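Visitor: Please show me the structure, and then I will ask how its descriptions are reached.

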Amino acid sequence: MNYSVKKIGQILNATTQIDSKIVTGVSFDSRKVKSGDLFVALVAENDGHDYVQQALTKGATAVLVDDRHQIDSKIPAIIVSDTLLALQQLGEYRRHQINPKVVAITGSNGKTTTKDITSAIMGSQYKTFKTPENFNNEIGVPLTLLTMPDDTEVLVVELGMDRPGQLTTLSELVSPDIAIITMIGEAHIEFFKTRENIAKAKLEITKGLKSQGTLLIPYDEPLLTNAQVKQNVQTFGQDIKDINSSSSKTIFTYQNTRFAIPLLGRYNIMNALAAISAGILLHIELKNAAEALQHFDLTKNRTEQLTTSHGVNLISDVYNSNPTAVAAVLATLKIIPATHKYVVLGDMLELGEQAASLHACLAETVINANVDGVYLVGPLMNKYLYPILQRRFDSAHLHQYETDQLAELIKDLQTLGENGDVILLKASHGIHLENVVNALVK
């Protein structure tokens with residue numbers, strides 16, 4: 001990014017002042033501003049306009065502000081009616097200026113992992129940029145567009161969703177060539193009420209999908225395979241052979257090519273096949289895709305494999321959680337070779353009026369996982385799952401903690417298990433089990 005204030009004003013059809021300054025980056029957090037940044041004064045819980053001077057002191061070249069706030073005439077500024085809308089318009093401009101092939105990914109689970117896998121595959125033949133961390137909302141997506149390098153050939157962008165209409169906005173913003181829906185689960189069912197409504201909202205990703213573009217969907221999800229979509233639709237997930245899992249990787253054969261991914265679980269095979277299918281559409285050779293997937297960067301806390309100081313293997317999957325995701329990761333835990341296995345389950349959030357039944361229904365899944373100990377965290381787990389598990393586990397093997405008792409949980413887990421044993425941690429991000437993970441691997 002290398003725009004003058006004047007140029008940004010022209011892109012946004014906005015008023016500018018001191019417009020000769022050059023902008024080389026963008027930030028909406030005054031604490032993280034770098035020299036050359038455009039500071040975007042967003043109005044949310046905090047009003048970014050209150051931090052304009054702090055941003056300038058940190059090195060911001062200019063500020064993007066709205067016309068309802070008074071700005072000193074000596075400050076380099078672009079003045080608009082809505083700073084969030086302007087940020088999105090600027091991101092959209094850059095998307096079309098650089099004009100990479102865009103792969104957009106959404107889904108109830110697996111979108112971040114699929115983003116990472118897709119980026120690795122595309123990077124085997126193209127200059128590829130992907131969504132940083134989890135920048136997948138109305139702010140994060142335009143920031144992704146504005147921070148991608150000028151020579152980007154393929155952009156892999158993650159699109160999040162927690163309400164109807166959101167994916168329409170994001171899809172139209174990035175105008176994808178390929179769209180992927182990883183799966184339909186229960187995430188955000190508090191707001192959508194049914195999986196059918198979730199599927200309908202996920203299909204909004206096609207609103208911005210180019211008319212000649214392709215939608216990739218799992219072959220075994222009728223809520224998607226039966227949907228009416230104008231663009232080309234392809235399925236993924238079928239015709240896999242010779243699946244073999246170990247404690248550190250999953251191996252499978254697809255189109256006569258052997259793949260080995262450093263991830264656990266059959267659900268990650270689906271994520272990999274979504275990414276491989278996107279690669280095929282962009283003419284990635286399967287041998288290159290297979291080589292790329294042997295080692296790649298995985299976003300933190302997505303089925304991340306770690307080790308404690310005394311050799312216990314941790315599986316950290318603590319960014320989000322819902323019944324489908326819990327069942328999938330527990331099925332993976334069941335087949336991992338280890339002398340002892342333990343599971344830490346935190347509350348699954350945003351399940352609304354179905355929270356009670358969906359927490360209780362985990363009981364059979366937990367029991368079938370054949371674990372040696374269960375550690376429950378949060379009021380929902382303790383109220384709805386704990387009483388059922390009490391029928392199968394004694395007090396030495398079933399434990400419960402409130403969300404403000406993570407220190408006690410850490411203390412109990414620090415001496416749990418021996419070299420080669422496994423502890424799985426799974427919860428919604430609001431439970432903050434990442435703090436437990438960090439303490440265990442210090």
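Visitor: Which elements do the buried residues of α12 pack against?

Guide: They pack against α10 (266-281), β18 (313-317), β19 (341-346), α13 (355-360), α14 (362-368) and β22 (422-426). Contact means heavy atoms within 4.5 Å. This is a predicted model, where local features need pLDDT of at least 70, side-chain atom pairs count only at pLDDT 80 or more, and totals for chains, interfaces and linings use all residues. Residues are numbered from 1 along each chain as its sequence is written, and side-chain values use heavy atoms, with hydrogens and water left out.

Visitor: What makes residues of α12 count as buried?

Guide: Buried means under 20% relative accessible area, exposed over 50%, and partly exposed in between (1.4 Å probe, protein chains only). In α12, P323, A325, V326, V329, L330, T332 and L333 are buried.

Visitor: How do you know that the span of helix α12 agrees with its 13 residues?

Guide: The expected span is 1.5 Å times one less than the number of residues. For residues 323-335 that gives 18 Å, and the end C-alpha atoms lie 19 Å apart, so the two agree. Helices (H or I, at least four residues) and strands (E, at least two) are DSSP runs, numbered from the N terminus.

Visitor: Why are β17 and β21 said to stand at the edges?

Guide: The open sheet has six strands in the order β17-β18-β22-β19-β20-β21, with mixed pairing. β17 (304-307) and β21 (398-401) each have a single partner strand, so one side of each lacks a neighbour in the sheet.

Visitor: What makes β17 and β18 a pair?

Guide: Two strands pair if DSSP finds at least two bridges between them. Four bridges join antiparallel β17 and β18, so they pair. The bridge partner of Q305 is I315 in β18.
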